[in-house]
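Morning, everyone. I have one structure to show you today. Let's put it up on the screen.

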Amino acid sequence: MAAVDRLHQTSSHLTGSALSRSSSGTALKLSVHPFKVTVIGSGNWGTTIAKVIAENTCLNPQLFVKDVQMWVFEEKVDGKKLTEIINTKHENVKYLPGITLPGNLVANPDLIDSVRGADIIVFNIPHQFLPRIVKQLKGHVQPSVRAISCLKGFEVGPNGVQLLSAYITQELGMECGALSGANLAPEVAKENWSETTVAYQLPSDFRGEGKDVDHKLLKALFHRPYFHVNVIEDVAGVSIAGALKNVVALGCGFVEGLGWGNNAAAAIQRVGLGEIIKFGQVFFPESKVETYYKESAGVADLITTCSGGRNVRVGKYMATSGKNALDSEKELLNGQSAQGIITCKEVHEWLSSCKKTNEFPLFEAVYQIVYNGVPMVRLPDMIEELGCIAEEK
Ligand SMILES: NC(=O)c1ccc[n+]([C@@H]2O[C@H](COP(=O)([O-])OP(=O)(O)OC[C@H]3O[C@@H](n4cnc5c(N)ncnc54)[C@H](O)[C@@H]3O)[C@@H](O)[C@H]2O)c1
Ligand SMILES: O=P(O)(O)OC[C@H](O)CO
């Protein structure tokens with residue numbers, strides 16, 4: 001039963017709320033019942049963010065149920081079920097090897113069972129799997145549940161281009177925010193200091209402090225001494241920056257793999273940042289330009305992704321090996337996903353449908369290189385040519 005339902009059932013014998021201080025130092029009104037948290041996904045970042053959450057639920061029993069369910073797409077590793085390995089060895093040996101996970105993080109192969117009674121669901125899977133997950137969840141989660149999406153990408157379909165948080169809200173009825181930042185999973189997992197941005201808007205049916213998810217509660221859930229959280233309202237800006245920087249990182253990988261050096265990589269990031277901001281302004285006017293330069297989810301994530309993320313590595317490998325994107329991803333990432341490969345296709349489909357590909361020449365060039373075999377050396381010319389066509393119009 002969700003905390004809010006339990007809250008309503010027991011409200012007759014409530015005597016009021018008390019003030020508590022979370023491990024992040026934030027003063028919070030106590031929830032009548034602690035919030036139960038489920039993480040859907042257990043990849044490189046999924047496992048890392050589940051570790052962060054489980055550390056906080058353990059430290060804040062007044063706010064959260066200690067055990068955190070983590071849904072795992074079951075697979076065998078050396079003949080053993082991954083869930084069993086995680087629950088006995090406390091290590092995700094396939095997707096986050098070498099990192100000890102908290103004992104209160106429980107791997108669960110049953111999606112529906114993992115969300116039973118959850119008050120907060122954190123979505124953290126490669127976004128191509130989201131429609132199937134959401135379909136399975138329908139009818140098994142209450143709209144009163146709140147969600148945070150750590151996914152990077154878009155949903156392009158009959159409703160045009162959609163943020164993944166909006167897609168989750170549309171399909172499951174639950175309010176959904178976003179978490180994104182300069183957060184390469186292996187560094188966060190090792191507890192090296194970094195920052196992130198959580199974006200969440202209080203829904204119209206907000207039930208009140210201590211009874212519902214708000215900015216203070218989200219800070220208590222995600223903030224760690226090594227993982228500094230800033231909570232804002234701009235869900236669109238955070239999501240757009242997180243999705244599109246992966247496309248820019250592929251472009252960066254191409255010029256690095258071609259051996260063109262730091263200046264070329266900086267040029268790609270400059271053009272990329274401009275296109276990210278423009279995409280937000282044109283298609284999601286509610287997004288705020290300041291998010292892109294002030295927040296970790298903005299330019300900081302662009303820099304870190306273009307320095308050491310999986311997309312830049314895939315782009316570079318494509319350039320040095322001559323292999324295509326999917327083969328490069330498979331050979332380099334051991335089952336992990338470089339989300340820029342799918343995102344550049346989603347962006348191309350959307351821009352084509354509204355005849356605006358020329359206005360985003362870097363995004364379009366990356367798409368043409370990945371899907372139509374256009375030579376990478378044409379990247380500078382394509383950026384210039386397409387940009388000129390757009391200006392002439
Ligand atoms: N890794 C990072 O550094 C990082 C950081 C921030 C955000 N993100 C974002 O978080 C999201 C999740 O990334 P990740 O790194 O956790 O995943 P990942 O790239 O490591 O992908 C592997 C995961 O996909 C799962 N999977 C494989 N086939 C599946 C299927 N058919 N159905 C459902 N799941 C399946 C695997 O079980 C595994 O959990 C992505 O959108 C990514 O861009 C990643
Ligand atoms: O490894 P990537 O390229 O998926 O990027 C990881 C994160 O998004 C960086 O913050």
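I will go through one annotated residue, two ligand sites and one loop position.

A caution before we begin: this is a predicted model.

Let's begin with Lys245. The UniProt entry, which is unreviewed, annotates Lys245 as "active site". Where does Lys245 sit? Look at helix α9, residues 235–257; Lys245 is in that helix. Is Lys245 buried or exposed? Count the other C-beta atoms within 10 Å and you get 33. The cut-off for buried is 20 or more. So Lys245 is buried.

Who are its contacts? Leave out residues up to four places away in sequence, and Lys245 touches Ile276, Asp301, Leu302 and Thr305. Keep Thr305 in mind, because Thr305 is also among the closest residues to ligand 2.

Now ligand 2 itself. The shell has 13 residues. Besides Thr305, the closest are Asn183, Gly309, Arg310 and Asn311. Which helix gives the most to this shell? That is α12, with three residues. Helix α12 spans 296–308, and α13 spans 310–321. Both of them, and α9 too, supply at least two residues each. Recall that α9 is the helix that holds Lys245. By residue type, the ligand 2 shell splits into three nonpolar, seven polar and three charged.

Why do we say that ligand 2 lies between the domains? Domain 1 covers 3–233 and domain 2 covers 237–392. Both give residues to the shell, so ligand 2 lies between them.

On to ligand 1. Here 23 residues make up the surroundings. The closest are Gly43, Asn44, Trp45, Phe73 and Ala185. Helix α2, residues 44–59, contributes the largest share of this shell, three residues. What is the shell made of? Ten residues are nonpolar, twelve are polar and one is charged. Domain 1 and domain 2 each provide at least three residues to the ligand 1 shell.

Last stop, Gln142. You will find Gln142 in a loop, with α5 (130–137) on one side and β9 (146–149) on the other. How many C-beta neighbours does Gln142 have inside 10 Å? There are 15. A residue with 12 or fewer would be exposed, and one with 20 or more buried. Gln142 therefore counts as partly exposed.

One distance to finish. Gln142 and Ala236 are 94 residues apart along the chain. Their C-alpha atoms are separated by 24 Å.

That's my tour. Over to you.

Definitions and conventions. Residues are numbered from 1 along each chain as its sequence is written. Chains are lettered from A and ligands numbered from 1 in the order in which they are written. This is a predicted model: local features need pLDDT of at least 70, side-chain atom pairs count only at pLDDT 80 or more; totals for chains, interfaces and linings use all residues. UniProt positions are given in the numbering used here, feature names are shortened, and annotations may be inferred rather than shown by experiment. Helices (H or I, at least four residues) and strands (E, at least two) are DSSP runs, numbered from the N terminus. Two residues are in contact if their C-beta atoms, placed from the backbone, lie within 7 Å. A residue is near a molecule or strand if its C-beta atom, placed from the backbone, lies within 6 Å of it. Ala, Val, Leu, Ile, Met, Phe, Trp, Tyr, Cys and Pro count as nonpolar, Asp, Glu, Lys and Arg as charged, and the others, Gly among them, as polar. Domain bounds come from an automatic or database domain assignment.
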